[in-house]
Amino acid sequence: MSRSGIVEPAGGPLSGSVRAPGDKSISHRAVMLSSVSHGESVIEGFLQAEDTLSTVGVFRALGVPIEVEGSRVVVQGDGPGALRAAAEALDCGNSGTTMRLVTGLLAGVPGFGGATLIGDASLSRRPMGRIAEPLNDFGARVLTDAGRPPIKVEAGDFKGGAYRSPVASAQVKSALLLAGLMAGVEVEIVETSASRDHTESLLRAMGVPVASSAHYGAEVAGEARVSLPAWGGRLEGRVIEVPGDISSAAFLMVAAAIVPGSAVEVRGCGVAWTRAGVLGALERAGVRVERRGARVSSGGEPTADLRIAHGALRGFEIEPHQVPSLIDEIPVLAVLAGRARGRSVFRGVGELRVKESDRLALTAGLLEACGCAVETGQDWLAIQGRGEEAFERFEFDAAHDHRMAAAATVAALVAEGPCRVDGLESLSISYPEFFNDLKSLQREEGE
Ligand code: S3P
């Protein structure tokens with residue numbers, strides 16, 4: 001059911017400090033790897049939201065006892081051999097990560113009894129051939145409906161191999177890594193540029209010797225290589241700490257960057273360079289980003305507290321090799337571009353067209369509604385910023401896309417009057433506490 005709301009302009013600076021909600025990508029992976037471990041795992045800092053609960057529901061349906069108590073999740077794993085064939089279809093809801101990673105994982109489990117994975121209307125339109133083809137080429141049996149969900153996974157014989165991925169996608173890479181892990185075979189993946197490496201980091205923290213250029217190298221443009229050896233070991237239950245989600249934090253950070261006089265801190269964000277490209281983009285736009293309290297979580301993730309303040313913004317550019325590290329932040333970075341002086345260009349962003357919505361079209365529509373001159377091509381977007389001039393009042397339908405709903409809310413903070421946003425219900429997919437966190441930053445000043 002679509003939920004609409006009127007978002008008022010900020011009315012004053014944002015200030016204060018909030019803890020970032022748990023990272024969605026890492027919460028999924030923590031549940032998956034705990035479910036195929038032996039013994040009890042405790043996940044701390046878990047994101048309790050619709051997408052991650054879809055992953056919990058899937059593993060429960062596969063016979064794994066999982067208890068969710070807020071941000072603490074307890075998983076009683078009994079190894080991959082204990083996953084039972086599910087009588088009912090596994091419902092992945094709106095979550096592409098659930099569908100693609102679970103497919104890879106199940107496709108690699110020797111003798112697995114079979115499962116069907118389904119999703120909501122948005123997920124049912126998304127491309128699955130990108131995982132089914134390489135999995136099947138390496139011996140798995142993954143059937144799709146002409147490259148779309150539902151997906152059927154049958155017992156196959158995943159032998160692994162080397163794959164050059166045409167898209168830099170952590171979901172494709174992770175599906176293959178998880179299949180290789182389950183089958184105990186070697187897998188190598190080469191990407192055009194490094195996608196987020198959370199699967200690799202968590203596997204390494206759990207004792208699996210995954211090698212990757214992203215881990216050993218500094219931030220690099222160009223090909224990235226990941227290899228998983230034929231690892232015969234077993235995963236043991238453990239405590240996994242999930243850092244804060246920089247994709248969610250990005251909405252608060254951009255809000256601080258565009259609302260005059262603001263200064264905001266978001267604590268405990270995961271800042272792996274393969275994921276934290278938004279910070280470089282903010283800096284190129286002229287925003288001062290301060291990092292404090294850097295440390296590494298028990299899940300192997302670098303984390304930090306991030307401080308952002310409003311300042312003069314200039315147009316900035318995003319190049320194709322930077323896109324995987326900020327793919328989910330592009331809608332809100334477009335809002336930032338709308339408030340900058342000059343033109344911003346996002347190149348190589350065609351993947352946005354196959355996200356929860358056609359995010360390239362919706363992002364262009366949002367910025368146009370804000371009064372910006374916008375140009376788009378199949379895989380690029382250019383925005384002429386308005387500088388400090390307020391956005392026009394707008395009405396925007398986020399089409400049940402959580403990132404679009406949050407980006408539109410941030411845009412409305414600097415509009416010349418209240419704006420109507422449809423599709424706010426989708427915030428429960430990745431950031432159920434978004435409005436509370438935003439309000440706490442609006443309230444702290446003067447209290
Ligand atoms: C994700 C990877 C990205 C991202 C998605 C989460 C993940 O998708 O957009 O929100 O957890 O691996 P792609 O791998 O398809 O780019």
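This passage describes the surroundings of the ligand in a predicted model, followed by two features of the backbone.

The ligand sits in the largest pocket. Three elements each give two or more residues to the shell around the ligand, namely α1 (24-35), α3 (96-108) and α5 (170-183). The shell also draws on two domains: at least three of its residues come from domain 1 (6-22 + 243-445), and at least three come from domain 2 (24-241). Domain 1 is given here as two stretches of the chain, 6-22 and 243-445.

The residues that surround the ligand are Ser25, Arg29, Thr97, Arg100, Ser169, Ala170, Gln171, Arg196, Ile327, Asp328 and Lys355. By class, five residues of this shell are charged, four are polar and two are nonpolar. The charged residues are Arg29, Arg100, Arg196, Asp328 and Lys355. Ser25, Thr97, Ser169 and Gln171 make up the polar group, while Ala170 and Ile327 are the nonpolar members.

Several contacts involve oxygen atoms of the ligand. A polar side-chain atom of Arg29 is found 2.7 Å from a ligand oxygen. For Ser169, a polar atom of the side chain lies 2.8 Å from an oxygen atom of the ligand. Gln171 takes part through its backbone, with a polar backbone atom 2.9 Å from an oxygen atom of the ligand. On its own, the ligand has 380 Å² of accessible area, and the protein covers 95% of this area.

Two further features concern the backbone. The peptide bond that runs from Pro149 to Pro150 is cis, and its omega angle is near 0 degrees. Pro150 belongs to strand β9, which spans residues 148-154. The second feature is at Ala399, where phi is positive, at about 50 degrees, although this residue is not a glycine. Ala399 is located in a loop, with β22 (395-397) on one side and α12 (402-412) on the other.

Definitions and conventions:
Residues are numbered from 1 along each chain as its sequence is written. This is a predicted model: local features need pLDDT of at least 70, side-chain atom pairs count only at pLDDT 80 or more; totals for chains, interfaces and linings use all residues. Side-chain values use heavy atoms; hydrogens and water are left out. A residue is near a molecule or strand if one of its heavy atoms lies within 4 Å of it. A polar contact is a pair of N or O atoms within 3.5 Å; within protein, one must be able to donate a hydrogen and the other to accept it, and residues adjacent in sequence count only if both atoms are side-chain atoms. Accessible areas come from the Shrake-Rupley method with a 1.4 Å probe; for residues, only the protein chains shown count as cover. On a 1 Å grid over the protein atoms alone, a cavity is a set of points where a 1.4 Å probe fits but cannot get out, and a pocket is an open set with protein on both sides within 12 Å along at least five of seven lines; lining residues have an atom within 4 Å of a point. A molecule sits in a cavity or pocket if more than half of its atoms lie within 2 Å of its grid points. Helices (H or I, at least four residues) and strands (E, at least two) are DSSP runs, numbered from the N terminus. Domain bounds come from an automatic or database domain assignment.
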